[in-house]
Amino acid sequence: MTKIKGIVHFFEELAPPQLQESYDNAGLIIGSANAEVDSVLVSLDVIEEVVDEAIAKKAQLIVAHHPIIFSGLKKITGKNYVERTIIKAIKNNIAIFAAHTNLDSVTGGVNSIICKKIGLENCQILQPAKGQLKKLVTFIPTEHADNVREAVFAAGAGNIGNYDSCGYNLEGTGSFRGNETTNPFVGEKGQIHYEKEIRFETIFPAYLQHKIISALLNSHPYEEVAYDIYPLENNFENAGMGMVGTLPEEKTEKEFLQHLKGTFKTGVIKHTRLQEKPVKKVAVCGGAGSFLLPNAISVKADFFVSGDFKYHQFFDAENKIVIADIGHFESEQFTKDLFYELLTKNFPKFAVRLSEVNSNPVFYF
């Protein structure tokens, strides 16, 4: 048996909830974090049929991509599918957890598996997150600098792209005087002391601030640790929306469309005018990705693969790119496989089952 909070912690380490969009409601939606489970059902959506399936398969937890609740509910009377699903889950003691736009936003998440299915290489975030980085500046006695740096790096600071342990060090002299209640690490209380110190700077994701500061304070020898935290406007290249990569070999536009249709098993692909040129660079976004079209154009992608484009949004391609709308469900369907792989690899002692319910509300005639 495994407690639900262990599964929640795992997914929130992988896809921090701080990365979700403001409208989203990822996380544990129904159930107690302290409840124990020995069987999990993974699905893209949570609807009544999925809860029925969980009941039949004796799964105590549903892990889904789309949250069953997006906005606040004032009444739960069973008047619509959301309320009926909630009632059925609670009555049958089934917990529901969702990893949504936070899982969209991380490398190794939803867009990574789309890239993998298409066969893209050298993949990068299409729209890096903004406002998610901070800088730590602190001052460490020279002989203890290595120990503090290692602790802060181990907590998650200092990662830039494919590099880790990134920081800046500057030698200087610090001064301080403790009053009669102090117990200074160096110097005498009541007297000004000058100490050779290293000014150490490094960056970190904002969601790790508590962990970073805890590592700093626990590893630093001073009784009172001086440090500053600065918000940064830099792009966070390791998180954000969409991805872009390249095909191993060029395809014609019709070959690529046929490849998409077969890979994502879609009944139809809506697309803009073909440009009569080879396809090499491809941008993707699971779900509704029209907001990323300018980014896909700016990186000179040949195709932008996503879903939920509206009629007038197709005009925005302006013959600079081919939009391939493969459908919302179709673009995200392999998220179930991602959940399954992550859970079976990291929680081998309980059963993980893939939902067999086709929750796609869109049909093709």
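In which sense do strand 12 and strand 14 pair, and over how many bridges? In this predicted model, strand 12 (residues 236–251) and strand 14 (residues 279–288) are antiparallel partners joined over five bridges.

## The six-stranded sheet

Strands 12 and 14 belong to an open sheet of six strands with mixed pairing, in the order 7-12-14-15-16-13. Strand 7 (121–129) and strand 13 (270–271) are the edge strands; each has a single partner strand, so one side of each is left without a neighbour in the sheet. Between strands 12 and 14, the pairing places Thr246 opposite Lys281 in strand 14.

## Helix 5 against the sheet

Helix 5 (residues 110–118) packs on this sheet and touches strand 7, strand 12 and strand 14. The direction of helix 5 makes about 140° with that of strand 14.

Seven of the nine residues of helix 5 are buried, so the helix is largely enclosed by the rest of the structure. The buried residues are Val110, Asn111, Ser112, Ile113, Ile114, Cys115 and Ile118. Gly119, just after helix 5, takes a positive phi of about 95°.

## Salt bridges

The structure holds seven salt bridges. One of them joins the side chains of Asp52 and Lys88, at 2.9 Å from N to O. Asp52 is in helix 2 (residues 48–56) and Lys88 in helix 3 (residues 81–91), so the two are brought together from parts of the chain 36 residues apart. Both are partly exposed: Asp52 has a relative accessible area of 35%, and Lys88 one of 24%.

Another salt bridge is formed by Glu356 and Lys57, whose closest N and O atoms are 3.1 Å apart. Glu356 lies in the segment after strand 17 and Lys57 in the loop between helix 2 and strand 5 (61–64), so this pair ties together parts that are 299 residues apart in sequence. Glu356 is exposed at 68% relative accessible area, whereas Lys57 is partly exposed at 22%. Lys135 and Glu201 also meet in a salt bridge, at 3.3 Å from N to O. Lys135 is in strand 8 (residues 133–141) and Glu201 in strand 10 (residues 193–205), 66 residues apart. Lys135 is partly exposed at 25% relative accessibility, while Glu201 is buried at 16%. Through shared partners, salt bridges join Glu53, Lys57 and Glu356 into one network.

## A nonpolar surface patch

Val268, Val362 and Tyr364 form a nonpolar patch on the surface, together offering about 240 Å² of accessible area. Val362 is in the segment after strand 17 (351–354) and is partly exposed, with a relative accessible area of 43%.

Technical notes: Residues are numbered from 1 along each chain as its sequence is written. This is a predicted model: local features need pLDDT of at least 70, side-chain atom pairs count only at pLDDT 80 or more; totals for chains, interfaces and linings use all residues. Side-chain values use heavy atoms; hydrogens and water are left out. Patches are made of residues with over 30% relative accessible area and no salt bridge: like charges are joined within 9 Å, nonpolar side chains (Val, Leu, Ile, Met, Phe, Trp, Tyr) within 5 Å. Accessible areas come from the Shrake-Rupley method with a 1.4 Å probe; for residues, only the protein chains shown count as cover. A salt bridge is a side-chain nitrogen of Lys or Arg within 4 Å of a carboxyl oxygen of Asp or Glu. Helices (H or I, at least four residues) and strands (E, at least two) are DSSP runs, numbered from the N terminus. Buried means under 20% relative accessible area, exposed over 50%, partly exposed in between (1.4 Å probe, protein chains only). Two strands pair if DSSP finds at least two bridges between them. Contact means heavy atoms within 4.5 Å. Axes are lines fitted to C-alpha atoms, for helices over the stretch in contact, and angles run from 0 to 180 degrees between N-to-C directions.
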